[in-house]
Amino acid sequence: MEFEQLNGKAPGLKEIKRRVEHVKSIIVHHPKYGEFLEELETMLVLSEGSVCPDGLFIFGPTGVGKSTVTTEFTERYPREIIITNDREYTQIPVLHVRVPPKATPRELASKILKEIGDPFHHKGTLSELTSRIHRFVRELEIKMIILDEFQHLIDADTDHVLTTASNWVKTFTEEIRIAVVLCGMPESVKVFISNGQLDRRFCNKVELEPFAYGTPEEIINFRVFLKKVDGLLPFPDLANLADPRLADKIYYISNGVPFYVMKLLENATYFAVKAGEDKITENHMAKALRKIKQVGRPFVVNPFTDAHFDLEAVSKSEADAMNRYKEKLIVKRKRSRKKDSHELSLK
Ligand SMILES: Nc1ncnc2c1ncn2[C@@H]1O[C@H](COP(=O)(O)OP(=O)(O)OP(=O)(O)O)[C@@H](O)[C@H]1O
Ligand SMILES: [Mg+2]
């Protein structure tokens, strides 16, 4: 895509939107990302026609790219209309399904049928829905099913594993005889703890982690990622994101999670284009960061307004502030418990 010089002249809203949308579509194949694509590729090949295909569980915290990588893999194998002498059908090599929250087995089966394109996905009993999935898998030549948001098999309100749904997944993956990939947040491990048979079926568990930033090699990895992103941003000039000082700042606000890096750049793109500028500067990033609030980090500072930013010192003072805050909370709780028991004893 072409992104012309703005030379200080702010473009219309349509152009601003085009450039922001472009940032949203940027995907960088960093080494871990590549490894995951390869793992999925290998699994697809090895499981085809196998008597007992292996399962794969991909886990990692929010925003690391689990859905991005599994969606890209699915798109590598697009659906195709096949016409033979006796029938016409849509071949679906890889099916990507998001598990609905608090899924019952029937809701999950129905969601799978919906993604397959069955107009009657909500009709029938659980066993009817399940056998329809089996029929479609054979007829439409589905080779892999990816169940994303697997943590939805835990009831978020009670923290209990939805046992009937996890049992359904277990039996389903045993009987379907194609590759099944489960993908979710680290807490989905709970589902495996409560269901040993499912745990064995998915003993290949791989973690997609945020970028680390300790050793020189890790720092280089993160900077290479930033450099690649920089080259894909919708501006004629580079933002120099991989500069060691700027990389420190971006690491500090993102903790190495791609989502926060990209959200920052998406907002910064908006401010830069709106000002008619031809690259993102720290000034745009400082404004952008004000629109990104992380509830888990109440003491985060804005590094883009700090000319003498020192990652180690700032991280330490944030951790200290957080610890003081937690200690205060504990004292407060203890005091209110004491007060409650005192009032009770007076009644
Ligand atoms: N390899 C990548 N290159 C560029 N951006 C990425 C990459 N991976 C993730 N992102 C960014 O992070 C965002 C979040 O990614 P994604 O939705 O895949 O995370 P997730 O691990 O599925 O999180 P959740 O557990 O919340 O569903 C993406 O929309 C994208 O902007
Ligand atoms: Mg996701």
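Let's start with isoleucine 58. Set aside its neighbours within four places in sequence. Isoleucine 58 is then in contact with Phe36, Lys66, Val181, Cys183, Val206 and Leu208. Keep in mind that this is a predicted model.

Where does isoleucine 58 belong? Ile58 is part of the largest nonpolar core, which has 48 residues. Ile58 is also among the residues with the most contacts inside that core. The others on that list are Met144, Ile145, Ile146, Leu153, Val181 and Leu182. There is a second, separate core too. That one has 29 residues, including Ala239, Tyr252, Met262 and Leu264.

Now look at strand 1, residues 55–59. How many of its residues are buried? The count is 5 of 5, so strand 1 is mostly covered. In a regular strand, the side chains alternate between the two faces of the sheet. Check both faces here. On one side sit Gly55, Phe57 and Phe59, and on the other sit Leu56 and Ile58. All of them are buried, and both faces of strand 1 are covered.

Which strands pair with strand 1? Strand 6, residues 179–184, pairs with strand 1 in the parallel sense, over 5 bridges. Find phenylalanine 59, and you will see glycine 184 of strand 6 opposite. Strand 7, residues 205–207, also pairs with strand 1 in the parallel sense, over 3 bridges. There, phenylalanine 57 has lysine 205 as its bridge partner.

Step back to the whole chain. We have 13 helices and 7 strands. Buried residues make up 33% of the 347 residues. The C-alpha atoms fill a box of roughly 75 × 70 × 40 Å, taken along the principal axes. Next, take contacts between residues at least 6 apart in sequence. Of these, 69% join residues at least 24 apart.

How is the chain divided? The domain assignment gives domain 1 as 13–26 + 226–309, domain 2 as 31–207 and domain 3 as 313–347. Note that domain 1 is written as two segments. The C-alpha centres of domain 2 and domain 3 lie 44 Å apart.

On to ligand 1. Which residues come nearest to ligand 1? Of the 17 around the ligand, the nearest are Thr62, Gly65, Lys66, Ser67 and Thr68. Two elements give two or more residues to this shell: helix 3, 66–76, and helix 11, 258–274. By class, the shell has 9 nonpolar, 7 polar and 1 charged residues. Domain 1 and domain 2 each supply at least three residues to the shell.

Let's stay with helix 11 and pick out alanine 272, which is found there. Is alanine 272 buried or exposed? Buried, because 27 other C-beta atoms lie within 10 Å, and the cut-off is 20 or more. Leaving aside neighbours within four places in sequence, alanine 272 is in contact with Phe235, Glu277, Lys279, Ile280 and His284. Now compare sequence with space. Alanine 10 is 262 residues away along the chain, yet the two C-alpha atoms are separated by 9.1 Å.

Last stop: helix 10, residues 244–254. Why do we call this helix largely enclosed by the rest of the structure? Because 9 of its 11 residues are buried. They are Leu246, Ala247, Asp248, Lys249, Ile250, Tyr251, Tyr252, Ile253 and Ser254. You have met Tyr252 already, in the second core. Just after helix 10 comes asparagine 255, with a positive phi of about 55°.

Methods:
Residues numbered from 1 in each chain as written. Chains lettered and ligands numbered in written order. Predicted model: local features only at pLDDT ≥ 70, side-chain atom pairs only at ≥ 80, totals over all residues. Domains from an automatic or database assignment. Buried ≥ 20, exposed ≤ 12 C-beta atoms within 10 Å, placed from the backbone. Helix = DSSP H or I, 4+ residues; strand = E, 2+ residues; numbered from the N terminus. Near = placed C-beta within 6 Å. Nonpolar A, V, L, I, M, F, W, Y, C, P; charged D, E, K, R; others polar. Contact = placed C-beta atoms within 7 Å. Core = buried A, V, L, I, M, F, W, Y, C linked by C-beta atoms within 7 Å. Pairing = 2+ DSSP bridges.
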